[in-house]
Each structure stands twice: as structure tokens, then as C-alpha cells.
Amino acid sequence: MSPRRPVRLRLRLPHVLLTAVLLGALLGAPPAAAAAAISPAASPGVPLRVATYNIHAGAGMDNVFDLDRQTSELRSLNADVIGLQEADRHWGPRSEWRDLAGELAERLGMYVYFAPIYSLDPAEPGGPRAEFGVAVLSRYRIVSAENHEITRLSTQDPNPSPAPAPGFGEAVVRVKGRPVHVYVTHLDYRPDPGVRVAQVADTRRIMAEDRGPKILLGDFNAEPGAPELAPLWEELTDADPGAPTFPAQDPVKRIDYVAVSKGAARVRRAWVPESVASDHRAVVADLVLRGR
């Protein structure tokens, strides 16, 4: 094919449009209507595959650290955007002092934003900080990001009390020209739902500040019918995969979620792949972002 042909096609389009407008004017139709007559149908939705995965600091159900195994699992999901929980960065020997989210992003050829929940002084002067948190991996460019504070009950303080702390990550990714807000979270694990109640309220407040498509990914540590999660479903649609996610070996409950803002995206399907590469199973969802 001649390399000049696409150029000629692009140059003709304004003339076709002008002809349609003039013809519309002669027939009594307003220019906008004539232009609409040759415009493509309403902008089709944009497909987007998203996933959430608690990586258990790189260890599988067998408690053996194996980042190669998790890399293979994540690659098999073929997701465009992934939310990670329990990601270590130079945290300690359990994960070989490595930057797990950074390594996974590099291996998968994705952009990464890491939002630490804890950031502790280095074990040795001059060393990297020991961090633990959540992350967003994305095939699409991350144009902005922020680590928000929500209510937490620290696992590092011997006498904790609920207080604002970081670790609610937000990354804005540009998907074929459309900004999409992706949030990743890890809610409190304790049986008493009090902290989760506060975290859900914080989550809704933060997400309400943004416009456009929103996707919430995370380990909520509560099942879909839990009363403390009910407020989330006022603005979000749960991409229900119809299967439990925890524990990875013979799972009995679903505590991992993909949720999307109502009206901004359609959930085509969602599923839970079988895997013991972590102590959780992933949730994957095929979405269609609605036209502008």
C-alpha cells in the first residue's frame, strides 16, 4: 500500500464534511444535523480488563516466597490494570528486601504506582526505607497519582487507636484518551467492623471528589453482604465473579473486589482464576467504559 494513501484520505474528509453541510443547508437542515448525518455512531465503549490481587508479600499458599510464580499468575490474567495489596518494598527478609510492585511492573512491562501504608526507617543508615502497602500496575500511562489517608488501626503500634494513615492509593490512567481514576485499598482485617465502617466513609468521601470513570480494587476483608460495605454499593457496582477468593486453597468467602462507578462502565464478565500463588485468589473483570 502506498504510504501516501492515508494522507490523501485524511485530506478528503473536510471536503466531504463541507459538502454534507452545504447539501444540508440547501435542503433546509441545519449544519449540525448535516454533519451528524455522516458522523460515526455514538462513541463505542472502550474495553478494559482489570484485576485485584493480594500478593501476600510474594508468598504462596505454602508460605514460600516465589515472585516468579506470582509473575506467571499475573501475566496469565492479561489485565490492563491491576491493583495489588500486601506489597513489600525493602520490607524485610520475608520478601528478600525487594521492591515487589516495582519488580512485577518491570517484568510485566507495566507502569506502577506504589502507595505505602507503612514507611519505616531503614534497618541500616543510608539504606532504603522499609515499606509495605498497595500498588497500581497499568499498561496505560499513569498521568497522576496520590496516596490518600483513611482511618487505620496500626499493626506496628503496640497500643494502636484508629487514626488517619496513608495507603489508599489513587492513580489516574489515560485509557485511549479517557482519564480513569483507579483506587486500590486494603481494609481492616479485624472481626470488629468499626474501623472498616470509618474506612468506607473515608473512601466514599475521597472518591466523591473525582469525576469520570472510577474503579475501586482491593481486599475489603468483608463479604459482599457485610453491613459496613453497604454504603459503597450506593455509588459503585460490584463486579461479582460468582466465586469465593479466600483462602486460595479451597476458598470459602469472597473478600476481594472489583467495583466500578455506576453509569461509567459496564461489567461484561468477572471471574476468579484458580491459583495458590498467593493466599488469596485474584478477581478479574472485563469492563466496557461507556462513551463520552
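Start with the largest nonpolar core of this predicted model. Select Leu48, Val50, Val175 and Ile215: of the 33 residues in that core, these four touch the most other members. In soluble globular proteins, nonpolar side chains tend to be buried together.

Keep leucine 48 selected and show what surrounds it. Leaving out residues up to four places away in sequence, leucine 48 touches Asp80, Val81, Tyr140, Val175, Ile215, Ala285, Asp286, Leu287 and Leu289. A second core, separate from the largest one, has 23 residues, and Tyr53, Leu74, Leu108 and Leu137 are among them.

Now colour the whole chain by secondary structure. The chain has five helices and 12 strands. Of its 292 residues, 48% count as buried. Among contacts between residues at least 6 apart in sequence, 69% join residues at least 24 apart.

**First sheet**

Select β3, β4, β2, β1, β12 and β11. In that order, these six strands make an open sheet with mixed pairing. Which strands stand at its edges? They are β3 (111–120) and β11 (265–271); each has a single partner strand, so one side of each is left without a neighbour in the sheet. From one strand to the next, the twist averages 20°.

Inside this sheet, select residues 46–54 and 283–289. These are strands β1 and β12, which run antiparallel and are joined by seven bridges. Leucine 48, already met in the core, stands opposite leucine 287 in β12.

**Helices on the first sheet**

Add residues 67–77, which form helix α3. Helix α3 lies across β1, β2 (81–89) and β12, and runs at about 155° to β1.

Next add residues 100–108, helix α4. This helix lies across β2, β3 and β4 (130–138), at about 25° to β4. Which residues of α4 are buried? Select Leu100, Ala101, Leu104, Ala105 and Leu108. The arc they cover around the axis is only 130°, which puts them on the same side of α4. Show their surroundings, and you will find that the buried residues of α4 pack against α3, β2, β3 and β4. Leu108 is also one of the residues in the second core.

**The loop before α4**

Step back to the loop between β2 and α4, where glutamate 96 is found. Glutamate 96 has a positive phi of about 60°, although it is not a glycine. Is glutamate 96 buried or exposed? It is partly exposed, with a relative accessible area of 44%.

Select tryptophan 97, which lies in the loop between β2 and α4. Tryptophan 97 also has a positive phi of about 60° without being a glycine. Its relative accessible area is 45%, and tryptophan 97 counts as partly exposed.

**Second sheet**

Hide the first sheet and select β5, β6, β7, β8, β10 and β9. These six strands form an open sheet in that order, again with mixed pairing. At the edges stand β5 and β9, each with a single partner strand, so one side of each is left without a neighbour in the sheet. The twist here averages 25° from one strand to the next.

Look at β6 and β7 in the middle of your selection list. They pair in the antiparallel sense over seven bridges. For one such pair, select arginine 174, whose bridge partner in β7 is proline 179.

**Helix α5**

Add residues 194–208, helix α5. Its 15 residues reach 22 Å from the first C-alpha to the last, close to the 21 Å expected at 1.5 Å a residue. Helix α5 lies across β5, β6, β7, β8 and β9, running at about 150° to β5.

Where around the axis are its buried residues? Select Val195, Arg196, Gln199, Val200, Asp202, Thr203, Ile206 and Met207, which are the buried residues of α5. They cover an arc of only 165° around the axis, which puts them on the same side of α5. Their packing partners are β5 (142–152), β6 (163–175), β7 (178–186), β8 (214–219) and β9 (236–238).

**Last stop: a cis bond**

Select phenylalanine 246 and proline 247. The peptide bond from phenylalanine 246 to proline 247 is cis, with omega near -10°. Proline 247 is found in the loop between β9 and β10 (256–261).

Key
Residues numbered from 1 in each chain as written. Predicted model: local features only at pLDDT ≥ 70, side-chain atom pairs only at ≥ 80, totals over all residues. Heavy atoms only, no water. Pairing = 2+ DSSP bridges. Helix = DSSP H or I, 4+ residues; strand = E, 2+ residues; numbered from the N terminus. Axes fitted to C-alpha atoms, helices over the stretch in contact; angles between N-to-C directions. Contact = heavy atoms within 4.5 Å. Expected span 1.5 Å × (residues − 1). Buried < 20%, exposed > 50% of the residue type's maximum accessible area, 1.4 Å probe, protein only. Arc of directions from axis to C-beta. Core = buried A, V, L, I, M, F, W, Y, C linked by side-chain atoms within 4.5 Å.
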